[in-house]
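Good morning, everyone, and thank you for making the time. I would like to walk through one structure slowly, going from single residues to helices and then to the chain as a whole, so please have the picture open in front of you.

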Amino acid sequence: AEEDGREGGDRRRPEADSSVAPLQSTQQGTQGGLTGGGERLVPNLTPRPSGVSAETRMQLQEALLQLLVQRAQQRQREQHAATNGERQGQQTERVRTEEQQQQLQLDEQLQAVQRVVDAAGTEPLVLHPMRLRYESHVTFVHALNSVFLALFCVLLLVKLHPHGSYDNILWWQCFIPLFLGSTLLLQLHTILLVYRDQAMMLQIGPPPSSTASTSIHVQFSALKMIRTRTYTCDHIMSAIDHAGFLAAELAFVAMLSEGKGEVVWPVRLVFLPLWTAWALGFVVHLFKFSSDRQAVCVRDILYISLLLVALKVDGTSQHSWSSAFILPFIWFVLAFILAVLLGIFLLCDRCRSRPVPLMGLGPLGFWLLLLFQAPLFAAMLHLIDWLDSDQQYNAAKEILGPAIAGFALMSIALGLIGRGLQTKEQVRRRLLASGLVWTNEAVARNLGIFEQEAAERRADAMTDEEL
């Protein structure tokens, strides 16, 4: 047919028979609509009366028959779609009304978000589940506990000074800062357990409305269940730990007072509250979901180190003091490596962007917290040298001096971390008050979180032809 079209020149095509004329008109109208004009993209398949072989004529007839069958199927689908059109129209109208209402609500919320957008950026903020599960007040209390530890080292240094005039200070007076720190932390974790619902509201957001989709409800229910159990187990373990430390400190002071500064009781028995707290904490840890469990925690490293020290003091272990402090040594080395990597990252981030705003106090404080452990590492090395040496000399100044500086500097770093967390919590409270949360489906859809789900719903509502 294409060859005939090229050879035709000024020859006129014969009129098509009546069976092909409707098909030609349909082809012309369809192709004309596709091209924007009257030009046809599909050549005329009408056979010429002469110059066409029988085989070619049969092929053309088969092609015409296929086109006619496709057209008949299309008409049947159109009739089926017209039958269901009224019901789909009602559904479409209801969906359109809901989308308009959600859009109006979204517009109001997006206007409110402009009041809480930080000057560091212009993208709207939305409250998402918080990855970091520490509160600012917890960090501030740990900073205060570091001050208590520094004060304890000061009192101990005064007590052990060879030429001091404060030898009459009692041992329980030296341990008062430790008692205050353990008691304060125990009360803090108990209070946090009581008010865990408010903490969960700030960490993962409010529950979705009754009109929200099933996907939102399922995600929120699962997330709240996992986070609540993990939050509860963490604070129960911390409360048990601090209660054990408080009991062990009281027993240790009683031993020192009884022996006038000498170890007269087995340290393993003195630290029995610690071993009990360790076992109870492990049992509580098993109640967490498997996704939130950890093979080794920081508390395990601390308890293992205390166990090695107790065995060495009691004479049960024949290893050197360096072996007893091997885990803290590894801890400090890893902390310094992490501090170097984090410092490089913060430096590169600062060079390629604007100066670190107030929200950056958290990473800065964490970096300083890692660096400020260097004096504690030096104090530990002096302690190991003094314990391994055969000479008896007073090394309290060399050991406790760096420890005082380390705890004081760590309190400053923890204060910076707490300030950074406090600023983020203030922003999250504003987002909660304005309704800009991830459980609000209108906000989430506007941000593209549920774009795939909305596309699937639209596809389900389409007919086969539209799909």
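In which helix is Leu-184 found? Before I answer, please keep in mind that what you see is a predicted model. Leu-184 belongs to helix 7, which covers residues 176–194. Its relative accessible area is 28%, and because buried would require a value under 20% and exposed a value over 50%, Leu-184 is classed as partly exposed. If we set aside the neighbours within four places in sequence, the residues in contact with Leu-184 are Val-141, Leu-144 and Phe-148. For one of these, Leu-144, we can also give a distance: the two residues are 40 apart along the chain, and their C-alpha atoms are separated by 9.4 Å.

That brings us to a pair of helices. In general, two packed helices are described by the angle between their axes and by the distance between those axes. For helix 5 and helix 7, the axes come within 8 Å and cross at roughly 165°. An angle over 145 degrees counts as roughly antiparallel, and therefore helix 5 and helix 7 are described as roughly antiparallel to each other. The crossing of these two helices is left-handed. On the helix 5 side, the contact includes Val-141, Leu-144 and Phe-148, while Leu-184 is among the residues that helix 7 contributes, together with others including Leu-180, Leu-185 and Leu-188. What kinds of residue make up this contact of helix 5 with helix 7? There are 15 nonpolar and 5 polar residues, and no charged ones.

Helix 5, which runs over residues 136–160, also meets helix 17, and here the axes come within 7 Å and cross at roughly 165°. Helix 5 is therefore roughly antiparallel to helix 17. This crossing, too, is left-handed. The residues of the contact between helix 5 and helix 17 divide into 20 nonpolar, 8 polar and 3 charged.

Let us turn now to the nonpolar cores. Which residues touch the most other members of the largest core? That core has 46 residues, and the three with the most such partners are Cys-153, Phe-175 and Phe-271. Helix 17, residues 396–434, supplies the largest share of this core, with 10 residues. If we follow Phe-271 and leave out residues up to four places away in sequence, we find that Phe-271 touches Ala-248, Phe-252, Leu-306 and Ala-310. There is also a second, separate core of 8 residues, and Val-138, Leu-188, Leu-192 and Tyr-231 are included in it.

Next, please look at helix 9, residues 214–259, where Phe-220 lies. Is Phe-220 buried or exposed? Its relative accessibility is 7%, and so Phe-220 counts as buried. Beyond its neighbours within four places in sequence, Phe-220 is in contact with Ile-204, Gly-205, Pro-206, Pro-207, Pro-208, Trp-438 and Thr-439. Gly-205 is 15 residues away from Phe-220 along the chain, with 8.8 Å between the C-alpha atoms.

Helix 9 has a helix partner as well, namely helix 12, residues 298–313, and the axes of the two come within 13 Å and cross at roughly 20°. Helix 9 is therefore roughly parallel to helix 12, and their crossing is left-handed. Met-237, Asp-241 and Phe-245 of helix 9 meet Arg-299, Leu-302, Tyr-303 and Leu-306 of helix 12. By type, the residues of this contact are 5 nonpolar and 2 charged, with no polar ones.

My last single residue is Ala-461, in helix 19, which spans residues 451–461. With a relative accessible area of 51%, Ala-461 is exposed. Ala-461 and Thr-92 are 369 residues apart in sequence, and yet 8.6 Å apart in space, taken from C-alpha to C-alpha.

Finally, let us step back to the whole chain. How many helices and strands are there? The chain has 19 helices and 0 strands. Of its 467 residues, 34% count as buried. Among the contacts with a separation of 6 or more, 74% are between residues 24 or more positions apart.

Notes: Residues numbered from 1 in each chain as written. Predicted model: local features only at pLDDT ≥ 70, side-chain atom pairs only at ≥ 80, totals over all residues. Heavy atoms only, no water. Helix = DSSP H or I, 4+ residues; strand = E, 2+ residues; numbered from the N terminus. Buried < 20%, exposed > 50% of the residue type's maximum accessible area, 1.4 Å probe, protein only. Contact = heavy atoms within 4.5 Å. Core = buried A, V, L, I, M, F, W, Y, C linked by side-chain atoms within 4.5 Å. Axes fitted to C-alpha atoms, helices over the stretch in contact; angles between N-to-C directions. Parallel < 35°, antiparallel > 145°, perpendicular 65-115°, else oblique. Left-handed = near helix turned anticlockwise from the far one by under 90°. Nonpolar A, V, L, I, M, F, W, Y, C, P; charged D, E, K, R; others polar.
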